[in-house]
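The exercises below concern a ligand and its surroundings in a predicted model. Each task is followed by a solution that goes step by step.

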Amino acid sequence: MSLTLVIAEHDQGQVKLASFSAAAFAAQVGAPFDLLVLGSGVAATAEALRAAGARTVLVADHADLAEPLADRYAHVIAAVAKARGATLVVGAVSTFTKDVLPRAAALLDAAMVSDVIGYAGGVFRRAQYAGNALATVELEGAVKFATVRSAAFAAAAPSATPSPVEAVAVDAAALPKHATFVSREVKKSARPDATEARIIVSGGRALKNAEDFERLVGGLADTLGAAVGSSRALVDAGITPNSLQIGQTGKIVAPELYLAVGISGAIQHMAGMKDTKIIAAINKDAEAPIFEVADYGLVADVYEAVPELIQKLKK
Ligand SMILES: Cc1cc2nc3c(=O)[nH]c(=O)nc-3n(C[C@H](O)[C@H](O)[C@H](O)COP(=O)(O)OP(=O)(O)OC[C@H]3O[C@@H](n4cnc5c(N)ncnc54)[C@H](O)[C@@H]3O)c2cc1C
């Protein structure tokens with residue numbers, strides 16, 4: 001019998017919305033699916049996942065899993081997949097799953113496909129070459145692993161019947177201990193994360209320094225209750241942190257509105273945001289490629305247009 005195991009992701013107990021997209025993908029596959037949450041003291045996290053439509057929410061709760069160390073998590077995922085007879089193991093595309101799932105797949109000698117955006121009859125569709133080509137992929141073997149782009153699989157409405165929760169035993173002595181958790185550095189921000197936001201205001205090389213970025217891009221984002229994003233040009237220049245980068249080598253997002261402020265629209269940037277519902281762009285160059293994909297465009301200097309926009313929106 002086929003069984004899909006969905007790996008839920010959370011940030012210090014807070015469920016990542018992308019977990020529900022991975023569950024939506026699993027529902028589309030058609031086989032029954034279980035959700036697996038790992039961590040320490042994650043009862044409330046498991047509770048939040050009961051509406052995702054899974055057959056069971058499995059909880060691997062142990063002090064040694066308090067931090068998402070890849071070798072330990074991969075070990076537990078592989079053990080649970082094996083014990084339950086999972087035929088497909090799935091997670092949403094993220095740095096967490098990039099770190100953990102290939103290791104778990106290797107432990108089971110299983111094939112893996114990443115960046116999945118479609119599925120039908122055992123065949124995966126994935127984006128490659130910065131979204132310029134779509135590949136159809138079939139995996140061999142009894143167990144398969146996949147990461148799916150949350151933008152491609154909208155979370156289903158909460159299930160009326162909450163899934164039962166079941167604890168899975170964690171054999172702490174068997175956990176690999178090659179890596180040790182040292183510390184966590186978290187940038188506190190009142191703004192939503194770009195992968196979870198309905199609106200993203202994203203800034204490019206037009207912004208000359210961090211103060212201007214914060215005042216214009218941050219200011220506009222705060223006015224709209226939006227997340228902040230950045231092109232790689234600003235990350236490379238040290239103006240914005242890597243965590244804000246949108247694109248091929250950054251985050252892949254698909255909000256309802258993406259407002260590109262002084263971004264040219266290089267293919268590597270667009271690979272990360274072109275599935276957005278509505279794209280709006282401000283750029284002083286009317287020939288900028290971003291206008292080819294933008295639903296709304298304003299040819300203007302961001303230093304003049306953005307303060308005016310903030311002022312008008314505040315009214
Ligand atoms: C392997 C690889 C991976 C990459 N991955 C990524 C990625 O993940 N994300 C990413 O973003 N890039 C990525 N890049 C880099 C990408 O190719 C571009 O260099 C980058 O996206 C350009 O950023 P930008 O649009 O901010 O800058 P630019 O291309 O320099 O564009 C700046 C824009 O601002 C406009 N402008 C300037 N001043 C003003 C003003 N005052 N008012 C209004 N408009 C103004 C200009 O007209 C221009 O269109 C990658 C490149 C490679 C090779």
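**Exercise 1.** Find which polar protein atoms lie within 3.5 Å of N or O atoms of the ligand, and state how much of the ligand the protein buries.

*Solution.* Begin with the backbone, where a polar atom of Ile 246 is 2.8 Å from a nitrogen atom of the ligand. Turn next to the side chains: Ser 264 places a polar side-chain atom 2.6 Å from an oxygen atom of the ligand, and a polar side-chain atom of Asn 283 is 2.8 Å from an oxygen atom of the ligand. Finally, consider the area, of which the ligand taken alone exposes 980 Å², with 75% of that buried by the protein.

**Exercise 2.** Describe the shell of residues around the ligand by its nearest members and by class.

*Solution.* The shell holds 24 residues, and those that come nearest to the ligand are Arg 205, Ser 231, Thr 249, Ser 264 and Gln 268. Sorted by class, the shell comprises twelve polar, seven nonpolar and five charged residues.

**Exercise 3.** Identify the pocket in which the ligand sits, and characterise its space and lining.

*Solution.* The ligand sits in the second largest pocket, and the elements that contribute two or more residues to the shell around the ligand are α6 (232–236) and α7 (267–270). The space in this second largest pocket is about 500 Å³. Its lining consists of 26 residues, with Arg 205, Ser 231, Gly 262, Ile 263 and Ser 264 nearest the centre; two or more lining residues come from each of α6, α7, β15 (278–283) and α9 (302–314). By class, the lining has twelve polar, nine nonpolar and five charged residues.

Technical notes. Residues numbered from 1 in each chain as written. Predicted model: local features only at pLDDT ≥ 70, side-chain atom pairs only at ≥ 80, totals over all residues. Heavy atoms only, no water. Near = heavy atom within 4 Å. Polar contact = N/O pair within 3.5 Å; in protein donor to acceptor, adjacent residues only side chain to side chain. Areas by Shrake-Rupley, 256 points an atom, 1.4 Å probe, with all protein chains shown as cover. 1 Å grid on protein atoms, 1.4 Å probe; cavity = no way out; pocket = protein on both sides within 12 Å on 5 of 7 lines; lining within 4 Å. Sits in = over half its atoms within 2 Å of the grid points. Helix = DSSP H or I, 4+ residues; strand = E, 2+ residues; numbered from the N terminus. Nonpolar A, V, L, I, M, F, W, Y, C, P; charged D, E, K, R; others polar. Points joined across faces, edges and corners; volume = space filled by probe spheres on them.
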